[in-house]
Amino acid sequence: MNNYKYKIPIIEVSQPIGTFYISVLDATILEKISKVSTRLGNKGYQREETTKRVNDIKKFSEDEEAIFPTPIVLSIDNSLEYTITENQFCFNDSFPFAEIIDGQHRAAGIFKSSQKQLFQLPIILLFDLTEEEKAYIFSTINSKQTKVSMSLIYDLFSISQNRSPQKTCHEVARLLNTDEASPFYNRLKMLGKKESDFSSLSQGSFIRYLLPLISRNPDEDLLILKNNPNAKLKDDIRCPLRYYFINEQDEMIYKIISNVFKAIRDTFPMEWENHNKYILSKTTGYGAIMRAFPSLFELGASKGTLTYDFFLDCFYNFALELKEQQKILTSEYFPSNENEQKKLANLILSSNRLLV
């Protein structure tokens with residue numbers, strides 16, 4: 001046992017599948033001994049590495065308050081000469097013998113980080129698994145997880161003391177939902193749950209389309225502002241509402257979005273009020289309007305106006321176009337999918353001569 005380079009303490013755990021061990025390992029050591037079995041043809045079981053996800057984790061791991069409390073699950077190659085004592089796992093790092101069953105993106109992001117030497121990572125060690133058992137454990141872990149509602153996630157940003165695109169979007173959603181003069185009054189499911197008979201859109205869906213109008217990389221903005229609340233973010237013309245966010249004019253974001261949807265509501269009062277029959281105030285209609293918004297914003301900005309009356313004119317033209325094409329804002333004409341959202345958005349734009 002004295003010939004082994006590393007000796008780490010372990011805790012034995014017994015469950016129906018058998019015995020496994022819990023421990024902690026430096027990220028720099030885990031990088032040397034780990035590998036991934038990517039699914040190719042009929043071999044392997046892991047999904048391919050997603051570059052964006054790895055890079056997002058890398059950026060987060062370089063934050064001064066980064067944390068990764070979830071264990072990385074490892075299958076230990078049974079061809080390795082290792083020793084398990086009563087309370088230690090002893091091994092060398094001459095080749096990668098620990099196959100990552102769960103946590104490949106987390107590990108890859110940390111390994112890419114300039115701060116990887118700061119991380120001790122919780123790990124679970126499983127021994128002598130067949131390929132079938134590895135695949136079973138991987139699929140079980142990833143299929144049994146319950147995804148957290150995006151409405152709840154965005155709601156939690158309100159707790160933060162710092163500004164972020166996510167927090168601004170949550171505040172806009174909250175105010176629109178509670179303001180009696182708002183077109184969205186009592187219409188947003190703030191925690192993803194229906195709160196009234198008028199609720200037709202979740203906060204998660206509402207923010208999903210609003211967020212890109214403020215930031216192309218909201219997580220990066222969040223980290224910048226968390227580390228330096230006085231940092232000046234760069235503007236981006238692709239995000240029409242970003243200027244207001246950068247200059248802490250969230251009330252302007254609220255006002256403009258309110259103007260847009262007051263105009264929609266007043267142009268199509270029946271369709272807006274009856275969400276059980278029409279799609280206008282549901283995800284399909286809302287998503288289409290938000291897809292069309294950047295071009296409408298650009299048109300309004302060029303005329304020096306983003307008022308309720310400006311958007312009312314835009315949607316009046318849209319109503320005329322629908323009438324001419326003999327289309328009604330129901331799922332029969334616009335089924336609930338991304339392509340139909342794009343078609344509906346293009347109809348809004350073409351009615352205002354904004355499509356080339």
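This tour visits a strand pair, a pocket, two nonpolar cores and two backbone positions in a predicted model.

**Strand β1**

Begin by selecting residues 6-9, which form strand β1. Tyr6 and Ile8 make up the covered face of this strand, whereas Lys7 and Pro9 make up the uncovered one. In a regular strand, side chains point alternately to one face of the sheet and the other. Next, add residues 88-91, strand β7, which pairs with β1 in the antiparallel sense over 4 bridges. Within this pairing, Phe91 of β7 is the bridge partner of Tyr6.

**The second largest pocket**

Now select Gln15, Ile17, Phe20, Ile137 and Ile141, the lining residues that lie nearest the centre of the second largest pocket. The lining comprises 10 residues, and the pocket holds about 270 Å³ of space. Display β9 (120-127) and α4 (131-143) as well, since each supplies at least two residues of the lining. Which of the elements gives the most to this lining? It is α4, with 4 residues. By class, the lining has 8 nonpolar and 2 polar residues, and no charged ones.

**The largest nonpolar core**

Move on to Phe206, Leu210, Leu241, Phe311 and Phe315, which touch the most other members of the largest nonpolar core, a set of 57 residues. Helices that each supply at least two residues of this core include α6 (165-178), α7 (203-210), α12 (283-303) and α13 (308-325); α9, α10 and α14 do so too. In soluble globular proteins, nonpolar side chains tend to be buried together.

Centre the view on Phe311. Leaving aside neighbours within four places in sequence, Phe311 is in contact with Ile256, Asn259, Val260, Ala263, Phe293, Leu296 and Leu306. Apart from the largest core lies another, of 27 residues, with Ala27, Leu30, Phe91 and Ile100 among them. Phe91 was met earlier as the bridge partner of Tyr6.

**Two positive phi angles**

Finish with two backbone positions. Select Glu248, in the loop between α9 (242-246) and α10 (250-267). Glu248 is not a glycine, yet its phi is positive, at about 55°. Is the residue buried or exposed? Glu248 counts as exposed because its relative accessibility is 52%, and the cut-off for exposed is over 50%.

The last stop is Arg353, in the segment after α14 (338-351). Arg353 likewise is a residue other than glycine with a positive phi, near 55°. With a relative accessible area of 78%, Arg353 is exposed.

Key
Residues numbered from 1 in each chain as written. Predicted model: local features only at pLDDT ≥ 70, side-chain atom pairs only at ≥ 80, totals over all residues. Heavy atoms only, no water. Buried < 20%, exposed > 50% of the residue type's maximum accessible area, 1.4 Å probe, protein only. Pairing = 2+ DSSP bridges. 1 Å grid on protein atoms, 1.4 Å probe; cavity = no way out; pocket = protein on both sides within 12 Å on 5 of 7 lines; lining within 4 Å. Points joined across faces, edges and corners; volume = space filled by probe spheres on them. Nonpolar A, V, L, I, M, F, W, Y, C, P; charged D, E, K, R; others polar. Core = buried A, V, L, I, M, F, W, Y, C linked by side-chain atoms within 4.5 Å. Contact = heavy atoms within 4.5 Å.
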